[in-house]
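Reader: I should like a close look at a single part of this model. Please treat the matter in one connected account.

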Amino acid sequence: MPQHRSHWNSRWTFMLATAGSAIGLGNIWKLPYMIGVNGGSAFVLVFVACIFFVGIPLMMTEILLGRRTQKNPLDGMQALASEAQASSAWKYLGGMGMVTGLLILGFYSVIGGWVLAYIFEAGGGNFSQITAAQSTTNFKALLASPLKLTFWHTIFMVMTMAVVAKGVNSGLEKANNILIPSLFAILLVLLGYSMSVGDMHAAAQFMFKPDFSKITPVAVLSALGHAFFSLSLGMGAVMVYGSYLQRNVSIARTTIYIALADTMLGLLVGLAIYSLVFANHLAPNAGPGLIFQTLPIAFGHMPSGNFIGTLFFLLVAFAAWTSSISLVEPAIAWITENTKIKRYSAAWGLGLIVWLLGVAVVLSFNEWKEIKIIFGLNIFETLDKLTSTILLPLGGLLMAIFAGYVMKKNHVQEELDLNNQHFKLWQFTNNYIAPIAIAAVFLFLFGLVK
Ligand code: PHE
């Protein structure tokens, strides 16, 4: 098979692209509400532990798998398996990741649509002097309109596929360079505002004062799943980005920077949100609508709030955009490297399929709200739980097993290029801690289901 692959222009670009994949709605939309739904500090503690002991080692693993093969996840796993003289069935791990990415995109694009809608809400001055009750009513009105939701979901999908259709060098790189630094900057503005008018003390207590009584099995399950979601792990996105990475870049250092930036950003958004939640006597466990109900209150009352609010949602849309691109890239890389279908047609074809899935998700917020798919979960909830708590950790578990027990140690060492001590540390976390943690959570999950 002729392989003519493009590479990132520099280590910085790879880092920004991978950070662009990691930083997205997971940090800004999902983490804050998950913290509230799962009892605050207990969830934060377990989440941070999962990032360090499972997320970081497995991100290194996923990058190393990608860089070793320089191929899409499915062919990559097959090539790695044959290099290790293992069963070619490992390729299905790559296949599973591609499907997982598309399933995630099905709801990601809908939430990305909410963000787009809110750019215009903020820009149109609709937040000015808004009360907490009005803000909630506004958001509920958006959710109740399948037409509006579908419209914004469509725009988000078109934005995603337009970049994917153009390809890795021309499309992805440019989108990332300005975004992440700007996002951090505007977040600091928001945080400063929340600090001055919100209840930062209550927020910090809620998020960081350890209360072990609140660590429930469900909170642990959700925290582990969210560590995967937030770092984009377990479905091949990081693997495919790693496959475009040059050989002379340190995987460990890059991973640590990305994981720290990703986690910090999420926690900062959480602090900003919860200090507003407590100052305005809102419910911390409002669920997926949390940021859309709280942030307008802040923007509606701060000086230049219309402008800052518009900019904020614009940057969140960008962050979501660079993540959504990485959700389709594994599948697109596979299609273009294995069939005669051109990148352009592959992107729009897959886009249409995922768009349809997204329409079902849209309806699950209104007309089909009561339609339960499994365990009392509607379409959106099913897709979310299935991908975050099952498919991503399962993908991660299998990658860890593959790198730890199937690949030749010297091949792994060659890619990671670590000193002996650091290599042992990676090996310990990848071979024991991560698999045992994930397996334990699965055992619990299946026990629950019984
Ligand atoms: N990490 C992204 C976010 O936090 C979502 C994502 C998950 C992207 C899995 C790619 C793969 O928004």
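With which residue does lysine 30 form a salt bridge, and how far apart are the closest N and O atoms?

Author: The model is a predicted one, and the distances that follow are computed from it. Lysine 30 forms its salt bridge with aspartate 384, and 2.7 Å separates the closest N and O atoms of the two. This pair links distant parts of the chain, for lysine 30 belongs to helix α2 whereas aspartate 384 lies in helix α17 (residues 379–406), 354 residues apart. Side chains of opposite charge can pair when their charged atoms come close. The count of salt bridges comes to nine.

Helix α2 (25–37) also has a part in the surroundings of the ligand: together with α1 (11–22), α11 (217–230) and α15 (305–338), each of these helices supplies at least two residues of the shell. The shell holds 14 residues, among which Ala22, Gly26, Tyr108, Phe229 and Ser232 come nearest to the ligand. By class, six of the shell residues are nonpolar and eight are polar, with no charged residues.

Three residues place N or O atoms beside oxygen atoms of the ligand. A side-chain N or O atom of tyrosine 108 is 2.4 Å from a ligand oxygen. For glycine 26, a backbone N or O atom lies at 2.8 Å, and for asparagine 27, a polar side-chain atom lies at 3.5 Å. The protein covers 100% of the 330 Å² of accessible area that the ligand has on its own. As to location, the ligand sits in the largest cavity.

Conventions: Residues are numbered from 1 along each chain as its sequence is written. This is a predicted model: local features need pLDDT of at least 70, side-chain atom pairs count only at pLDDT 80 or more; totals for chains, interfaces and linings use all residues. Side-chain values use heavy atoms; hydrogens and water are left out. A residue is near a molecule or strand if one of its heavy atoms lies within 4 Å of it. A polar contact is a pair of N or O atoms within 3.5 Å; within protein, one must be able to donate a hydrogen and the other to accept it, and residues adjacent in sequence count only if both atoms are side-chain atoms. Accessible areas come from the Shrake-Rupley method with a 1.4 Å probe; for residues, only the protein chains shown count as cover. On a 1 Å grid over the protein atoms alone, a cavity is a set of points where a 1.4 Å probe fits but cannot get out, and a pocket is an open set with protein on both sides within 12 Å along at least five of seven lines; lining residues have an atom within 4 Å of a point. A molecule sits in a cavity or pocket if more than half of its atoms lie within 2 Å of its grid points. Helices (H or I, at least four residues) and strands (E, at least two) are DSSP runs, numbered from the N terminus. Ala, Val, Leu, Ile, Met, Phe, Trp, Tyr, Cys and Pro count as nonpolar, Asp, Glu, Lys and Arg as charged, and the others, Gly among them, as polar. A salt bridge is a side-chain nitrogen of Lys or Arg within 4 Å of a carboxyl oxygen of Asp or Glu.
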